[in-house]
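Got the viewer open? Let's walk through this structure stop by stop, picking out something to select each time.

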Amino acid sequence: MPSNPDVIILGAGAAGLSAAAHLAQAGRSVLLLEARDRIGGRIFTRQDAGIDAPLELGAEFIHGHAPANVEWLARAGSARIDAPDSHWRLENGSLQQRDSLFPQIQQVMQQNAALATHDMPLSQFLQGPLRDKLTSVQRDYICLMAEGFDAAEPSRISARAIVEEWTGEMMTDAPQGRPDGGYASLLRALSGALPVDRVRLQLQTVVREVRWSHGSVQVRAESQGREVIVQAPQAVVALPLGVLQASREGGADALRFDPPLDSKQSALRGLASGPVIKLLLKFRRAFWEELDDGRYRDATFFHLGHEHLFPTFWTQAPVRVPLLCAWAGGPRAARLSAEFDQAGMVGQALQDLSAVFSGRVDVAAELDLALVHDWQRDAFARGAYSYIVAGGADARRQLAESLQDTLFFAGEATDEEEAATVTGALRSGERVAREITAARISMMHRRRLEQ
Ligand SMILES: Cc1cc2nc3c(=O)[nH]c(=O)nc-3n(C[C@H](O)[C@H](O)[C@H](O)COP(=O)(O)OP(=O)(O)OC[C@H]3O[C@@H](n4cnc5c(N)ncnc54)[C@H](O)[C@@H]3O)c2cc1C
């Protein structure tokens, strides 16, 4: 590994790792700087000896066909396990199996032309153009889904983006699965694709300042109390959106760009980093499989109404383990993060879970272990994943645009097709590697012409 790398990559999440692997394959030498003591960022798989399933504190599902995920998993000898789609909703005090609500909503959204000329926040769309076309139950469902699935605030998220996403391929023709062995398998494949003679990974190295000019980047970082200064002709910024937004706002710990990223300001305003609280609850037994003569044996999701802070729970089906995930996104997650400590969150989740089964199970007595990671308070994430705010249609493209063939931008928030997912992050890493290769070829051309 040469001491002067061709490219410095900031952040060793899926995007940074994918960029490093593709750049190394193209013959470039890479220095990968990561703040945490582990790779993977918002992929965070833990194992517990007492349970035969990965404990995913971050990404868990493979949404849609996701060829990038499947290819990397195959390299690790893993594959996707399809998850059944069995949703149960608490309605008038009993659990009902409901699948029809979402297709009805998709149809109404598809037929509506109100967004053709201008965008608006989702809540305005629901109260205006869709007011008479949906029932209040359907409107509540849409808000809960925007909060839960997109981690969004309905009064901020772009209605146009929601309609595109919910009526697009990922939702209409979308198998949902999980990596066998968890997302740790994908990280194994990615790190296995980093040849030691071309890629150096430096963990526990927090980037503090990026000074850049055409063809030159100097990075100042802090590594376990020591200052580290490294230099390269090009760098990839593969940091979370929330970290870049905090950098724009300044503050004592904020990452600094010199000169500042003025051309990214409107992109950073057009996107939001949505909050999520994902709580894993391991029980002594999978009590839901036994209730009501086994009716919920194959259930994947349990849903509650909007009066609950944790409105969604899911199982690991088809894998049968005594594990439930309690999920809150958007404003509920923001509230949980701001007002509850960890024990308070667990107490709230158990209270909501008890409501799912109408108080018939003493869920607290069944609990064995609870795990949570607060991604909002995590300084190296500052949110779970990105969404487009009303009027921000072009923000992802703008954020992805390279600057002077010197600074390149990756990360889930930069992907125009599959943002907010691991797939989007992987795709963005591959994209920047292509951009860097193209920039190098055109530079060599220019030099040859000048000679
Ligand atoms: C709770 C939760 C559930 C999710 N569920 C799913 C799911 O089911 N399916 C799915 O596809 N996606 C899911 N996602 C989204 C998915 O995890 C992300 O889209 C993806 O992992 C983002 O990858 P990334 O490389 O863009 O960013 P990150 O993984 O965040 O990587 C960025 C890296 O930069 C590092 N960093 C930050 N600041 C600095 C600094 N100053 N110096 C050096 N390094 C720094 C971070 O530590 C991190 O490692 C979920 C996310 C969360 C939080």
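Start by selecting Q204. Is it buried or exposed, or something in between? Q204 counts as partly exposed, because it has 15 C-beta neighbours inside 10 Å, and a residue needs 20 or more to be called buried. You'll find Q204 in the loop between β10 (199–202) and β11. Check its backbone while you're there: phi of Q204 is near 50°, a positive value in a residue other than glycine. Keep in mind as you click around that this is a predicted model.

Now jump to Q404, where phi is also near 50°, again positive in a residue other than glycine. Q404 sits in the loop between α14 (395–400) and β23 (407–409). It is exposed, because just 12 other C-beta atoms lie within 10 Å, and 12 or fewer is the mark for that class.

**Two cis bonds**

Stay with the backbone and select D258 and P259. The peptide bond from D258 to P259 is cis, with omega near 0°. P259 belongs to the loop between β15 (256–258) and α10 (265–269).

There's another one to look at: select A317 and P318. A cis peptide bond joins these two, and omega here is about 10°. P318 is in a loop as well, the one between β19 (312–314) and β20 (323–329).

**Zoom out**

Time to show the whole chain. Colour by secondary structure and you should be able to pick out 15 helices and 23 strands. The radius of gyration of the protein chain is 23 Å, close to the 22 Å that the globule rule gives for 451 residues, so the chain is as compact as a globular protein of that length. Turn the model along its principal axes, and the C-alpha atoms fill a box of roughly 80 × 55 × 40 Å. Of the 451 residues, 46% count as buried. And what share of contacts between residues at least 6 apart in sequence joins residues at least 24 apart? That share is 73%.

**Into the core**

Next, go inside. The largest nonpolar core has 131 residues, and I8 and V236 have the most contacts within it. Helix α1 gives the most to this core, with eight residues. Try colouring domain 1 (7–43 + 62–79 + 183–271 + 392–450) and domain 2 (82–178 + 276–372) separately: both give residues to this core, so it lies between them.

Select I8 and show its surroundings. Leaving out residues up to four places away in sequence, I8 touches L31, L33, V217, V219, V230, A232 and A235.

**A covered helix**

Select residues 159–167, which make up helix α6. How many of its nine residues are buried? Seven of them are, so to speak, under cover: the helix is mostly covered. The buried ones are A159, R160, A161, I162, V163, E165 and W166.

**Around the ligand**

Bring up the ligand next. There are 40 residues around it, and G11, G13, A15, G41 and T421 come nearest. The elements that give two or more residues to this shell are α1 (14–25), β11 (205–213), β17 (276–283) and α15 (422–450). Colour the shell by class and you'll get 25 nonpolar, nine polar and six charged residues.

**V422 and its company**

Pick V422, which lies in helix α15. It is buried, because 30 other C-beta atoms lie within 10 Å. Which residues does V422 touch, not counting those up to four places away in sequence? They are A14, I43, A59, N69 and Y183. Then draw a distance from V422 to E60: the two are 362 residues apart in sequence and 9.2 Å apart in space, C-alpha to C-alpha.

**Last stop: A184**

Finish at A184, in helix α8 (residues 184–192). A184 counts as partly exposed, because it has 18 C-beta neighbours inside 10 Å. Not counting residues up to four places away in sequence, A184 touches T45 and P54. For one more distance, draw a line to A286: the two residues are 102 apart along the chain, and their C-alpha atoms are separated by 24 Å.

Note on methods:
Residues are numbered from 1 along each chain as its sequence is written. This is a predicted model: local features need pLDDT of at least 70, side-chain atom pairs count only at pLDDT 80 or more; totals for chains, interfaces and linings use all residues. A residue is near a molecule or strand if its C-beta atom, placed from the backbone, lies within 6 Å of it. Helices (H or I, at least four residues) and strands (E, at least two) are DSSP runs, numbered from the N terminus. Ala, Val, Leu, Ile, Met, Phe, Trp, Tyr, Cys and Pro count as nonpolar, Asp, Glu, Lys and Arg as charged, and the others, Gly among them, as polar. Two residues are in contact if their C-beta atoms, placed from the backbone, lie within 7 Å. The radius of gyration is taken over C-alpha atoms; the globule rule is 2.2 Å times the number of residues to the power 0.38. A nonpolar core is a set of buried Ala, Val, Leu, Ile, Met, Phe, Trp, Tyr and Cys residues joined through C-beta atoms within 7 Å. Domain bounds come from an automatic or database domain assignment.
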